[in-house]
Structures are given as structure tokens and as C-alpha cells.
Amino acid sequence: MSITIKDAAGIAGMREACRLASEVLDQITPHIVPGITTLDIDRLSAEAMARQGTRSATVGYQPPGYPPYPGHVCTSVNQVVCHGIPNDKPLKKGDIVNVDVTVITADGWYGDNSRMFEIGEVSIAAHRLCALTFDAMWLGIDQVRPGARLGDIGHAIQKFVEGHGLSVVREFCGHGIGQKFHEDPQVLHYGRPGTGEELVPGMTFTIEPMVNVGRRDIKEMNDGWTIVTKDRSLSAQWEHTVLVTPSGYEVLTLSAGSPATPDFVKGMAQATA
Ligand code: MF3
Ligand code: CO
Ligand code: CO
């Protein structure tokens, strides 16, 4: 395992890439209403990237064994866990959709983040899933500081999610990120405290839990990308890119339109500042 440690220039590059990735989500947000298609979301995202001077990390992305990914973003609706491919089906009231945006700046730095969007009024169960998954992400983030271990992040997320009767997807994880899309380490969203790699200032990685209402099992669709829940239950995901700092962490994928940080995080950040 070789984890890259970002120096001052790398941190500056990551701050910019991640802010821009978040701003893409800000810019598409007002448009995500009943009747929009995920292809519309893809096009609006591509246009926002063009205005920024960034490019999509996902379009044409082809890890070994996969077909090239066709979208500028991933759009994962309802029972889709992740890597949903934008299509021409309109979103309707009651749907939930994850939009996952990864940009590459002109300097070659990657910023990766995703948010859930609720289309019109959604069911109580769907709203609760989205809200609890957001809190789970932040609970994981709030574990980050030098000396903590990756297992502390995974454990915090798993304990919270399973404590609410939901399940954590195991097959996909957060990841180191920098001048590559996916670097070491793998950031699992389950685990045991005090295990795994020790966190060191200058590391940058994502935390992006996928949480299902039903069982954790997943299935891959024939397009080679789309992942759905095996039991067809709803699934949600949120993602931030974080930097390990000397005193704790900095969430890099924040911008004016980011949903408010939960109070439980603000409290702890003050206590340790
Ligand atoms: N952005 C996703 C992540 O969080 C990866 C998407 S890969 C794609 O790691 F090819 F599906 F776009
Ligand atoms: Co990611
Ligand atoms: Co992502």
C-alpha cells in the first residue's frame, strides 16, 4: 500500500478541485425537480464543469474489466446503489437520486463528492434513509485526525447505520484521491476500531457510505456499471473528500451550497479546536 501525502502545493490543488466539485452540485441543485431526466443532470453538470475549466473524471473512465463509463456524473436513483448511468427517464415525485461528481482541474487534481436529492415530497422512509446516511458520513468524517485508524471511520459508520436497522454496502468503499481518481487507501464503511492504516497529516481520501433500507447485498446490471440492491430496497449515499490536518480534518468538498454540517459535528470540532 502506498498512500500519497500531499505537500502544501498538493493541498492547494486539492482544495481547489474539491471546491469546484462541490460547486458543480450547487449549480445543478435548483434544476433537480420532478420531470428532469438524469441525462439533463448529466448535461447541466458537464456545462458547469466547462464554465469552471474542469473536466469530468468519470466520462470514459475504464478500470480493468469495465466498459468505459459514459456519463459526466453518476446518477443513482432509488434502488440504485452507485454508478447509475444517466438516462432519459424523467424523475418523478417521491424518487431519491444520488448525483456523484468528480472533476479534474487544469492542474490535474481530482475532487470527488456526491449528494442525495429528494424529488418533490418523498416517503418518510426515503427521507429518513437520506438523512441517516448523511449523518453516517459525517460521523465517519468526525473520526479523522492524526493517529486515528481507518477502522475507526468504518466502525463509526457501521455502528450508527446498523443501530438504525439499515445496512452498509461492503463491496464499494471510499478511497485515497489526488492526482489520480482512486488511490490507496481503501476506506471501508465498516470495521473495527483501532485497526487499519493510521492517519497522517496530508492524506486526502473520500468517505462515501452506501446505505440500504433492506439487506446489504447488491447486484450488478448488464450494462457493466449500475449497481442495485439485490432485494430492490432503497439505497442512499453521500460523499465528501477530506484532508487529514495536524489537528484533525478539513472537509475539502464544501461550498456555498453544501448542506449544513450537523450540529453534533460542530460541537465536537469546537471542543477539539
Ligand atoms: N465517483 C465515484 C466514486 O466516488 C466513482 C465513479 S466511477 C464511474 O468513487 F465510472 F462510475 F463514474
Ligand atoms: Co469517490
Ligand atoms: Co464519487
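Which residues coordinate the cobalt ion (ligand 2)? Keep in mind throughout this tour that the model on screen is a predicted one.

**First stop: ligand 2.** Select the cobalt ion (ligand 2) and display the side chains around it: Asp112 through OD, His175 through NE2, Glu208 through OE and Glu239 through OE coordinate this ion, at 2.0 to 2.2 Å. If you then turn to the sequence, you will find these donor residues spaced as D-x62-H-x32-E-x30-E. The site of the cobalt ion (ligand 2) has six donor atoms, and the angles among them run from 51 to 162°, so that the geometry counts as irregular under the rule that six octahedral donors need opposite donors over 155 degrees apart and all others between 65 and 115.

Next, select Asp112 and Glu208 as a pair, since they link distant parts of the chain: Asp112 lies in strand 5 (residues 110-118), whereas Glu208 lies in the loop between strand 9 (204-207) and strand 10 (210-212), 96 residues apart. Both Asp112 and Glu208 are buried.

**Second stop: ligand 3.** Move from the cobalt ion (ligand 2) to the cobalt ion (ligand 3), which is 3.3 Å away, and keep Asp112 in view, for this residue coordinates both ions. The protein donors of the cobalt ion (ligand 3) are OD atoms of Asp100, which is listed twice, together with Asp112 (OD) and Glu239 (OE), and they lie 2.0 to 2.4 Å from the ion. The spacing of these donor residues in the sequence is D-x11-D-x126-E. The site of the cobalt ion (ligand 3) is irregular, with angles of 58 to 168° among its six donor atoms.

Here the pair to select is Asp112 and Glu239, which again joins distant parts of the chain: Asp112 is in strand 5 and Glu239 is in the loop between strand 13 (235-237) and strand 14 (240-245), 127 residues apart. Asp112 counts as buried because its relative accessibility is 2%, and Glu239 counts as buried because its relative accessibility is 1%.

**Third stop: helices 1 and 2.** Leave the metal ions and select helix 1 (residues 8-28) with helix 2 (residues 38-52), whose axes come within 9 Å and cross at roughly 130°. That angle makes helix 1 oblique to helix 2, and their crossing is right-handed. To see where the helices meet, show Leu20, Glu23, Val24, Gln27 and Ile28 on helix 1, and then, on helix 2, Ile41, Leu44, Ser45, Ala48, Met49, Arg51 and Gln52.

Note on methods: Residues are numbered from 1 along each chain as its sequence is written. Chains are lettered from A and ligands numbered from 1 in the order in which they are written. This is a predicted model: local features need pLDDT of at least 70, side-chain atom pairs count only at pLDDT 80 or more; totals for chains, interfaces and linings use all residues. Side-chain values use heavy atoms; hydrogens and water are left out. Donors are N, O and S atoms within 2.8 Å of the metal (3.2 Å for Na, K and Ca); water is not among the atoms, so sites may look incomplete. Four donors count as tetrahedral if all angles lie between 85 and 135 degrees; four count as square planar and six as octahedral if opposite donors are over 155 degrees apart and all others between 65 and 115; anything else is irregular. Helices (H or I, at least four residues) and strands (E, at least two) are DSSP runs, numbered from the N terminus. Buried means under 20% relative accessible area, exposed over 50%, partly exposed in between (1.4 Å probe, protein chains only). Axes are lines fitted to C-alpha atoms, for helices over the stretch in contact, and angles run from 0 to 180 degrees between N-to-C directions. Angles under 35 degrees count as roughly parallel, over 145 as roughly antiparallel, 65 to 115 as roughly perpendicular and the rest as oblique. A crossing is left-handed if the near helix is turned anticlockwise from the far one by less than a right angle, and right-handed if clockwise. Contact means heavy atoms within 4.5 Å.
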